[in-house]
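Colleague: Could you take me through one part of this model closely, with the surroundings of its side chains spelled out?

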Amino acid sequence: MLLLLLGIIVLHVAVLVLLFVSTIVSQWIVGNGHSTDLWQNCSTSSSGNVHHCFSSSANEWLQSVQATMILSIIFSILSLFLFFCQLFTLTKGGRFYITGIFQILAGLCVMSAAAIYTVRHPEWHLNSDYSYGFTYILAWVAFPLALLSGVVYVILRKRE
């Protein structure tokens with residue numbers, strides 16, 4: 001049982017790390033010496049030094065992506081906190097429903113953010129020389145892992 005709990009916690013922390021990295025790092029779109037994330041657009045030299053960074057546009061869709069990514073982080077942190085609370089207060093045989101629901105909500109939020117970004121990206125960068133960066137991919141990887149973690153929480157029963 002202890003090994004199972006450790007595995008669940010490691011999975012949850014991995015999801016949190018993926019969510020933080022995909023939200024913070026400036027690599028959602030890369031190409032032609034530019035990198036873009038949810039917060040700023042940066043131009044870099046060939047040696048990799050950052051020259052200029054400007055804040056991203058104020059499009060409503062980009063703000064919704066920012067909000068849902070932040071919500072996914074909040075839901076995932078809240079889910080981890082609730083898991084530890086329920087671990088010590090839940091009666092024997094009880095299920096971690098609340099923890100699972102918040103983790104599933106985190107997964108749905110990150111999926112919504114990545115889907116909106118995917119659909120609206122061509123309107124923002126019309127140049128075809130740009131490609132999706134590694135943090136965009138990390139957001140998509142965090143989605144199934146968060147859902148898996150949430151389903152495991154819902155199925156999990158407390159033992160002594």
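Modeller: This is a predicted model, and the stretch from residue 65 to residue 84 is a suitable place to begin, since over these residues the chain is 100% helix and 0% strand, with end C-alpha atoms 29 Å apart. The UniProt record, an unreviewed entry, places a "transmembrane region" at residues 65-84, and also at 96-117 and 137-156. Ser 79 belongs to helix 2, which covers residues 60-89, and Ser 79 counts as buried because its relative accessible area is 0%, below the 20% cut-off. A polar atom of the Ser 79 side chain lies 2.8 Å from the backbone oxygen of Thr 99. Beyond its neighbours within four places in sequence, Ser 79 touches His 12, Thr 99, Phe 102, Gln 103 and Tyr 153.

Tyr 153 leads on to helix 4, residues 134-155, whose 22 residues reach 32 Å from the first C-alpha to the last, close to the 32 Å expected. Tyr 153 is one of the buried residues of that helix, which include Phe 143, Ser 149 and Gly 150.

Arg 95 sits in the loop between helix 2 and helix 3, and is partly exposed, at 25% relative accessibility. The side chain of Arg 95 reaches the backbone oxygen of Ile 155 at 2.8 Å, and its contacts, leaving aside neighbours within four places in sequence, also include Leu 90, Val 154, Leu 156 and Arg 157. Arg 95 and Arg 159, although 64 residues apart in sequence, have C-alpha atoms 9.9 Å apart in space.

Technical notes: Residues are numbered from 1 along each chain as its sequence is written. This is a predicted model: local features need pLDDT of at least 70, side-chain atom pairs count only at pLDDT 80 or more; totals for chains, interfaces and linings use all residues. Side-chain values use heavy atoms; hydrogens and water are left out. Helices (H or I, at least four residues) and strands (E, at least two) are DSSP runs, numbered from the N terminus. The expected span of a helix is 1.5 Å times one less than its number of residues. Buried means under 20% relative accessible area, exposed over 50%, partly exposed in between (1.4 Å probe, protein chains only). UniProt positions are given in the numbering used here, feature names are shortened, and annotations may be inferred rather than shown by experiment. A polar contact is a pair of N or O atoms within 3.5 Å; within protein, one must be able to donate a hydrogen and the other to accept it, and residues adjacent in sequence count only if both atoms are side-chain atoms. Contact means heavy atoms within 4.5 Å.
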